[in-house]
Amino acid sequence: MAFQKAVKGTILVGGGALATVLGLSQFAHYRRKQMNLAYVKAADCISEPVNREPPSREAQLLTLQNTSEFDILVIGGGATGSGCALDAVTRGLKTALVERDDFSSGTSSRSTKLIHGGVRYLQKAIMKLDIEQYRMVKEALHERANLLEIAPHLSAPLPIMLPVYKWWQLPYYWVGIKLYDLVAGSNCLKSSYVLSKSRALEHFPMLQKDKLVGAIVYYDGQHNDARMNLAIALTAARYGAATANYMEVVSLLKKTDPQTGKVRVSGARCKDVLTGQEFDVRAKCVINATGPFTDSVRKMDDKDAAAICQPSAGVHIVMPGYYSPESMGLLDPATSDGRVIFFLPWQKMTIAGTTDTPTDITHHPIPSEEDINFILNEVRNYLSCDVEVRRGDVLAAWSGIRPLVTDPKSADTQSISRNHVVDISESGLITIAGGKWTTYRSMAEDTINAAIKTHNLKAGPSRTVGLFLQGGQDWSPTLYIRLVQDYGLESEVAQHLAATYGDKAFEVAKMASVTGKRWPIVGVRLVSEFPYIEAEVKYGIKEYACTAVDMISRRTRLAFLNVQAAEEALPRIVELMGRELNWDEYKKQEQLETARKFLYYEMGYKSRSEQLTDRSEISLLPSDVDRYKKRFHKFDADQKGFITIVDVQRVLESINVQMDENTLHEILNEVDLNKNGQVELNEFLQLMSAIQKGRVSGSRLAILMKTAEENLDRRVPIPVDRSCGGL
């Protein structure tokens, strides 16, 4: 490998073409010295991956079926489960991983997108002299630096502002943040600093100005969580782990140990969710890494096992990018009910969250309107009154279930562990639960250490510190320029591909379709306002995408960024996937319906659409009603009481505006509540009322009709005397 001697540190974006001059290894060394970060050597230098590319899902299923016995079988394909598989296989253990849904389909794709040590945990550690919390923060900061290094394409440091509104808070918060830097030590990304009121408003002009006395800025990491999880799983597959999504464990296999006479877990009965086929996967050790579903697997082993998981729902919302600066986040440490709210730029949008409420365990968590409004109200508290925080600006929303746990070995079983717990049952089932995204690697290391000790497996120490994840090894900050120059991609698309696939972006670019335009030469977009291209659908299937939901939510992040855009892209995505996977028309329709249901319930489309239905009583002034009726009748020239695509096309043609029929259909469909192919006057008035209340924003139909009306009004008839007397 060009640079496989692992070191612990953080590579920050920047550096440019210097990598070409120095070479990757020297460049990485230069960057670490430049940022004054620590070196932490990996346990060993491991060999090249056994596979240049991850084997196909079909090949992985054959391996699962035909292997007589694995050393390790991991149940769960989230961050922790994938991390366990990677840790085990790189130690030379014969490893398998099965996931009932898709990799990162649960909690791991629904996070705040931060790689952080936990500022608030450090505060509690100091205030309560809690050594456990201190150790947790110290470990997380160590893991934060490692994760930023091993996946530089998917992660980067992010400055986060803590606004201060009382003078006494300034030294208090400053001491706390400086201690955060101190605990990080040489792994500190960049030193925190204090800003005056004027400087704070320069960096974050949307901030509430009244009573603001200053701000403190500190650094944490940010990443693309679903893609990071997938990179871990793909890396494990490349090193030889048999990994398969859509494989459900229906029961655990057991056998009696001839030496001790004890009944031991010896594998699992697995079912291919896509085909219904069942077969046994045998293993010396089975690891339960199922997050919120921890107890369901534990009860497969022992029906009397006490529940240890206490699930908590965390809701996030996505708003347009103009709500926050492009490269500065914000932390509100004291919300109205004591919870912490983050307000962060992500993928050119803004994420706000999170909530923390007890919940039932479900495969399909739904964000509630109550939680969405709580976050919006908190956002209003610290944004300037000049910024109207509208319900209609919520482009997507999701709920993730945090698997908080109690330690079954603890005397106080009611206390929730803030750290992770590794539990070993009487039959040898190893459960890893709790923890957080940032510490997935150390959780995996602890779990495999326990597996080796409990089951007498032959393996050395962990080798995952500094081990590059797929796409990270040959990535550089200027890689996207080569994509533009070599393939003729748009710069925005090239930057997206480089930041998503790393050094594998060239493989996606090779699959890109010719646009037929002068520029860009290749790279047909799935939806105009996002840089996702059609080639990613084909490549996503190589990355084990099996459904349309996989594609819109995890191989791309469309569903998490804008549910309407995701719905618009769905037909084309299904068509492309159907072509690659030989879906018939029935299968395509089934995929469309399932994906739309996912968007409607799990990604906030239901809450968004309800702003035009259940709560859409028309409350307009008589003058407004008259104005909107006149606008409507300019399109409804025949006085039918409704408008169709034909009516809109007629008006647009009269003002020399061309728009294709498919786009017009999408625009009308947003407002067509009855889904009868037409927009009635009452529906239009509901829309305008909802817009005035801030429940709906960015309605393309409303903006289109207003613009058309203004253009029509400007077309003043030419007087007879100026038209040569009418001759």
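**Reading the model, starting from one loop**

Modeller: Let's start at Asn-456, which sits in the loop between α12 and α13 (479-487). Keep in mind that this is a predicted model, where local features need pLDDT of at least 70, side-chain atom pairs count only at pLDDT 80 or more, and totals for chains, interfaces and linings use all residues. Residues are numbered from 1 along each chain as its sequence is written, and side-chain values use heavy atoms, with hydrogens and water left out.

Colleague: How many helices and strands does the protein chain have?

Modeller: Helices (H or I, at least four residues) and strands (E, at least two) are DSSP runs, numbered from the N terminus. Here the protein chain has 26 helices and 21 strands.

Colleague: Back to that loop: is Asn-456 buried or exposed?

Modeller: Buried means under 20% relative accessible area, exposed over 50%, and partly exposed in between (1.4 Å probe, protein chains only). Asn-456 is exposed, because its relative accessible area is 63%. Its phi is positive too, about 55°, although Asn-456 is not a glycine. Tyr-544, in the loop between α16 and α17, also has a positive phi without being a glycine, near 75°. Tyr-544, though, is buried, with a relative accessible area of 3%. Over the whole protein chain, buried residues make up 57% of the 727 residues.

Colleague: Which peptide bonds are cis?

Modeller: Look at omega. One cis bond joins Gly-353 and Thr-354, with omega about 20°, and Thr-354 is in the loop between β14 (349-353) and β15 (357-358). Another runs from Trp-519 to Pro-520, where omega is near -5°. You'll find Pro-520 in the loop between α15 (505-511) and α16 (535-542).

Colleague: At what angle do the axes of α4 and α12 cross?

Modeller: Axes are lines fitted to C-alpha atoms, for helices over the stretch in contact, and angles run from 0 to 180 degrees between N-to-C directions. Helix α4 (residues 79-89) and helix α12 (residues 440-455) have axes that come within 8 Å and cross at roughly 55°. That makes α4 oblique to α12; angles under 35 degrees count as roughly parallel, over 145 as roughly antiparallel, 65 to 115 as roughly perpendicular and the rest as oblique.

Colleague: And α17 with α19: where do their axes cross, and at what angle?

Modeller: The axes of α17 (residues 548-555) and α19 (residues 563-581) come within 9 Å, crossing at roughly 120°. That makes α17 oblique to α19. Contact means heavy atoms within 4.5 Å. From α17, Ala-548, Met-551 and Ile-552 meet Leu-570, Ile-573, Val-574 and Met-577 of α19.

Colleague: What does Ala-283 contact, beyond its neighbours within four places in sequence?

Modeller: Ala-283 belongs to strand β10 (residues 278-288) and counts as buried because its relative accessibility is 1%. Setting aside neighbours within four places in sequence, its contacts are Glu-69, Phe-70, Ile-72, Leu-73, Val-265, Ser-266 and Gly-267. From Ala-283 to Val-265 is 18 residues in sequence and 8.4 Å in space, C-alpha to C-alpha. Chain-wide, among contacts between residues at least 6 apart in sequence, 72% join residues at least 24 apart.

Colleague: How many disulfides turn up in the whole structure?

Modeller: A disulfide is a pair of cysteine sulfur atoms within 2.5 Å, and a search of the whole structure finds zero. Take Cys-285: the closest cysteine sulfur, in Cys-84, is 9.5 Å from its own, too far for a bond. Cys-285 is buried, with a relative accessible area of 0%. Cys-270 counts as buried as well, at 0% relative accessibility.
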